[in-house]
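Please open the model in your viewer and keep the sequence panel at hand. The tour below proceeds by selections, each followed by a description of what is to be found there.

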Amino acid sequence: MYDFYADTKTKPTPEMRRTVLDCVVGDEQKDEDPTTTELCARVAKLLGKEAAVFLPSGTMCNEIAIKVHTNPGDEIICEQSCHIINFETGGPAAISSVMIKALHGRNGMFTPDQLLGAIRPDSRYMPQSTLLCVEQTANMGGGAIWPLEQLQAVSAVAKDAGLATHMDGARLMNAVVKSGIPAATYAEGFDTVWIDFTKGLAAPVGAVLAGSHEFIAKAWRLKQQIGGAMRQSGIVASMCLYALDHHVDRLADDHTLASNLGDQISQLALVKEVLPVETNIVIFDLKDAAPTAAEIVARLRADGILAGAFGTRRIRIVTHIDVNATAGEALMELLKKYLGTDAREVA
Ligand SMILES: Cc1ncc(COP(=O)(O)O)c(C=O)c1O
């Protein structure tokens, strides 16, 4: 079975697994795990921040950051397709008691003017806008990369209005590899930023959230409170370190495969539109004459290929270390069969 559902499905390679055997471990909750400490120091440096904390998942990074940056009743500003709104089971409401202002952007990104219009005036009646969140790359925007100037412009608007800024960098390293812009440069206007090791970097567990010393001290208290503190976490941190050394540059291969697939998919008769393919995600919409996305995904599954249906007519496929050109050919063969001919056009 070829799994194009998500880059979260990657399995650790044999070389990555072998790093576990020799790694030095200790009690992470007491800052005694040297491997985890090294990972946090490396990620803090990579992202240009003072400090960092190792967490089990990216979702926990987002939720802890929101909680630290806000007070109950505040409003945070995000793009409507983002992970925080759609895939964190209402965490901002449940954990932080905040409201969310959802901006309708383009491919997961919005303009400085949209942000400016969304920031609440100072009023005793209104919620207070206290946090801006962006996703680099924008997952449901088709893996789109926020251009640096646009990122800097939105963070400047937020800062001018006194908001804190947070970057969900689940796939920040994809943006870095594609654009050649350093991670710390993308992260510059953001108080907090994290990267995920379980996406294209292909480690089995872990994400690292970075920010100021003061922020990380507060994040640590929440990590303990919600049960995210760990013990001999070097076992998994060692695989994250391996990923930093060996799995960053190869993201370019995922981008090439996604771009090839996007080009071919855009030629299919029953495909209405493919979102611009910039990194490792291909999102495309089906014409009305096509079967629904759920039907196509079910047919693919029956033929040994996994993809995702997001909405009745939208399909997402994601490239990563465990799918290569051969898998891409198998996928395209099936998609041509299902979507290659528009019966109405032929008639
Ligand atoms: C953009 C984005 N943010 C956050 C997450 C959550 O990461 P995790 O699966 O590590 O909790 C994901 C996961 O797919 C994601 O795509």
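The stops run from the overall division of the chain to the ligand, then to a sheet, and finally to individual loop residues.

**Before starting**

This is a predicted model, in which local features need pLDDT of at least 70 and side-chain atom pairs count only at pLDDT 80 or more, while totals for chains, interfaces and linings use all residues. Residues are numbered from 1 along each chain as its sequence is written.

**Stop 1: the two domains**

Colour residues 13-246 as domain 1 and residues 251-346 as domain 2; these bounds come from an automatic or database domain assignment. The centres of the two domains, taken over C-alpha atoms, are separated by 29 Å. Their contact takes 17 residues from domain 1 and 15 residues from domain 2, where two residues are in contact if their C-beta atoms, placed from the backbone, lie within 7 Å. On the side of domain 1 that touches domain 2, seven residues are nonpolar, eight polar and two charged. In this classification Ala, Val, Leu, Ile, Met, Phe, Trp, Tyr, Cys and Pro count as nonpolar, Asp, Glu, Lys and Arg as charged, and the others, Gly among them, as polar.

**Stop 2: the ligand**

Which residues surround the ligand? Select Thr8, Ser57, Gly58, Thr59, His83, Glu135, Asn139, Asp168, Ala170, Asp196, Thr198 and Ala207; a residue is near a molecule if its C-beta atom, placed from the backbone, lies within 6 Å of it. The shell comprises two nonpolar, seven polar and three charged residues.

**Stop 3: a four-stranded sheet**

Next, display the open sheet with the order β9-β10-β13-β12, whose four strands pair in antiparallel fashion. Helices (H or I, at least four residues) and strands (E, at least two) are DSSP runs, numbered from the N terminus, and two strands pair if DSSP finds at least two bridges between them. At the edges are β9 (271-274) and β12 (308-309), each of which pairs on one side only.

Begin with β9 and follow the hairpin of six residues that joins it to β10. Strand β10 covers residues 281-286 and runs antiparallel to β9, with three bridges between them. Along this pairing, Val271 stands opposite Leu286, and Val274 has Phe284 as its bridge partner.

On the other pairing of β10, five bridges link the strand to β13 in the antiparallel sense. One pair to label there is Asp285 with Arg314 of β13.

Is β10 enclosed or open to the outside? Five of its six residues are buried, so β10 is largely enclosed by the rest of the structure. A residue is buried if 20 or more other C-beta atoms lie within 10 Å of its own, exposed if 12 or fewer, and partly exposed in between, with C-beta atoms placed from the backbone.

Now add helix α12 (residues 251-266), which lies across β9, β10 and β13 (314-318) and runs at about 10° to β10. Axes are lines fitted to C-alpha atoms, for helices over the stretch in contact, and angles run from 0 to 180 degrees between N-to-C directions.

**Stop 4: individual residues**

Select Asp31 in the loop between α1 (14-22) and α2 (34-46). Asp31 has a positive phi of about 60° although it is not a glycine, and counts as exposed because 12 other C-beta atoms lie within 10 Å.

Move to Gly73, in the loop between α3 (58-69) and β3 (75-79). Gly73 is exposed, since it has 12 C-beta neighbours inside 10 Å. Apart from neighbours within four places in sequence, Gly73 is in contact with Ser97 and Pro127.

Asn107 sits in the loop between β4 (99-103) and α6 (112-118). This non-glycine residue also has a positive phi, of about 50°. With 19 other C-beta atoms within 10 Å, Asn107 is partly exposed.

Centre next on the cis peptide bond joining Gln136 and Thr137, where omega is about -5°. Thr137 belongs to the loop between β5 (129-135) and α7.

Finish at Asp160, in helix α7 (residues 148-160). Asp160 is exposed, because 10 other C-beta atoms lie within 10 Å. A distance label from Asp160 to Leu116, C-alpha to C-alpha, should read 9.9 Å, although the two are 44 residues apart in sequence.
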